[in-house]
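The following paragraphs lead the reader through a protein model, from its overall architecture to its interior and its charged pairs. Please keep the sequence and the structure in view while reading.

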Amino acid sequence: MTRSPHDARTSMLDAAEEIAVEVGLGAITLTAVQRRAGQSNKSAAAYHFGSLDGLLAAVVARRMEPINAARAAHLERLAPDAGVAALVDALVRPFADATLRAPGSRYARFLAQIQLHPVYGPTTMGLSEASSLREVQQRITALLPSSPELVLARFAAAASLMIDTLARWEGQGPPGEDVDLLCADLTAVCTAVLSTPSPMNGEAR
């Protein structure tokens, strides 16, 4: 059976996630992805993605588009005066729904690896900073007394904590807990990261 171009592209994106989780990000090459996806055409990956950078960016874009849409819808339901915890929940829950509630998901584990990669991380992670995420960041910054620079640094730390935690849960499956309860706990932890007074701003005495 001949795969359609769409099926071939999708199978290669799936293959990239599988390789990252099973072997490691460093094992992803266009050739390895083609082989894992069962593509006999040696130029298939180059045709669809152009380069390894393009392939990794496509993996992130495919997953982040629905997460961004879900987060935007979540934000629309929030009151204009929503507090930090409610905004952090809008950050966490759509990502958790797209990974922990998606059977066979590998995306959180893929993203946990690529966010630390010295070459692909900065460019590829920029694609994950969708409009909904920027809105969460801006609204939280407006609520906190810390400097915008400190909030930005704390926000990056909270986002990394979220990704790493969801990657661990995704790999193990929720450890006997309800996903909603796990999300509530992760939201509380990330809210504390953002809200705890910092001696850098002279806030903690």
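Read along the sequence, the protein chain follows the pattern α-α-α-α-α-α-α-α-α-α. The model is a predicted one. In the protein chain there are 10 helices and 0 strands. Of the 205 residues in the chain, 44% are buried. Among contacts with a separation of 6 or more, 71% are made by residues 24 or more positions apart. The accessible surface of the chain amounts to about 10,400 Å², and carbon and sulfur atoms contribute 56% of that area.

The interior may be considered next. In soluble globular proteins, nonpolar side chains tend to be buried together. The largest nonpolar core of this model has 59 residues, and those with the most contacts inside it are Ile28, Phe95, Phe110, Ile140, Met162 and Leu166. Helix α4, residues 52-77, supplies the largest share of this core, with 9 residues. For Ile28, when residues up to four places away in sequence are not counted, the residues touched are Ala16, Ile19, Ala20, Val33, Leu52, Leu55, Leu56 and Phe110.

Phe95, another of the core residues with the most contacts, directs attention to helix α5. This helix covers residues 84-99, and its 16 residues reach 23 Å from the first C-alpha to the last, close to the 22 Å expected at 1.5 Å a residue. Is helix α5 enclosed by the rest of the structure or exposed? Because 12 of its 16 residues are buried, α5 is largely enclosed by the rest of the structure. The buried residues include nonpolar ones such as Val84, Leu87, Val88, Leu91, Val92 and Phe95, but also Asp89, Arg93 and Thr99. The partners against which the buried residues of α5 pack are α4, α6, α8 (131-143), α9 (148-172) and α10 (179-195).

Phe95 also belongs to an aromatic cluster, together with Tyr107 and Phe110. A search of the whole structure finds 2 aromatic pairs. Tyr107 and Phe110 form a stacked pair, with 6.4 Å from centre to centre and 20° between the planes. Their positions in sequence are informative here: Tyr107 and Phe110 are 3 residues apart in helix α6 (residues 107-114), so about one helical turn separates them. Tyr107 is buried, with a relative accessible area of 2%, and Phe110 is likewise buried, at 0% relative accessibility.

Both aromatic residues of this pair are also contacted by Glu17, which lies in helix α1 (residues 5-22). Is Glu17 buried or exposed? With a relative accessible area of 2%, Glu17 is buried. Leaving aside neighbours within four places in sequence, Glu17 is in contact with Val59, Arg62, Arg63, Arg106, Tyr107 and Phe110.

The charged pairs complete the description. Side chains of opposite charge can pair when their charged atoms come close. The structure holds 12 salt bridges. One of them joins the side chains of Arg93 and Asp180, at 2.9 Å from N to O. Arg93 lies in helix α5 and Asp180 in helix α10, so this pair ties together parts that are 87 residues apart in sequence. Arg93 is among the buried residues of α5, whereas Asp180 counts as partly exposed, at 37% relative accessibility.

Another salt bridge is formed by Glu170 and Arg109, whose closest N and O atoms are 2.9 Å apart. This pair also links distant parts of the chain, with Glu170 in helix α9 and Arg109 in helix α6, 61 residues apart. Glu170 is buried, with a relative accessible area of 10%, while Arg109 counts as partly exposed, at 22% relative accessibility.

A further salt bridge involves Glu135 and Arg139, with the closest N and O atoms 3.4 Å apart. Both residues lie in helix α8, 4 residues apart, which is about one turn of the helix. Glu135 counts as partly exposed, at 30% relative accessibility. Elsewhere, salt bridges that share partners join Asp89, Arg93, Asp97, Arg101 and Asp180 into one network. Two members of this network, Asp89 and Arg93, are listed among the buried residues of α5.

Conventions
Residues are numbered from 1 along each chain as its sequence is written. This is a predicted model: local features need pLDDT of at least 70, side-chain atom pairs count only at pLDDT 80 or more; totals for chains, interfaces and linings use all residues. Side-chain values use heavy atoms; hydrogens and water are left out. Rings of Phe, Tyr and Trp (its six-membered ring) pair if their centres lie within 6.5 Å; planes under 30 degrees apart count as stacked, over 60 as edge-to-face and the rest as tilted. Helices (H or I, at least four residues) and strands (E, at least two) are DSSP runs, numbered from the N terminus. Buried means under 20% relative accessible area, exposed over 50%, partly exposed in between (1.4 Å probe, protein chains only). A nonpolar core is a set of buried Ala, Val, Leu, Ile, Met, Phe, Trp, Tyr and Cys residues joined through side-chain atoms within 4.5 Å. Contact means heavy atoms within 4.5 Å. The expected span of a helix is 1.5 Å times one less than its number of residues. Accessible areas come from the Shrake-Rupley method with a 1.4 Å probe; for residues, only the protein chains shown count as cover. A salt bridge is a side-chain nitrogen of Lys or Arg within 4 Å of a carboxyl oxygen of Asp or Glu.
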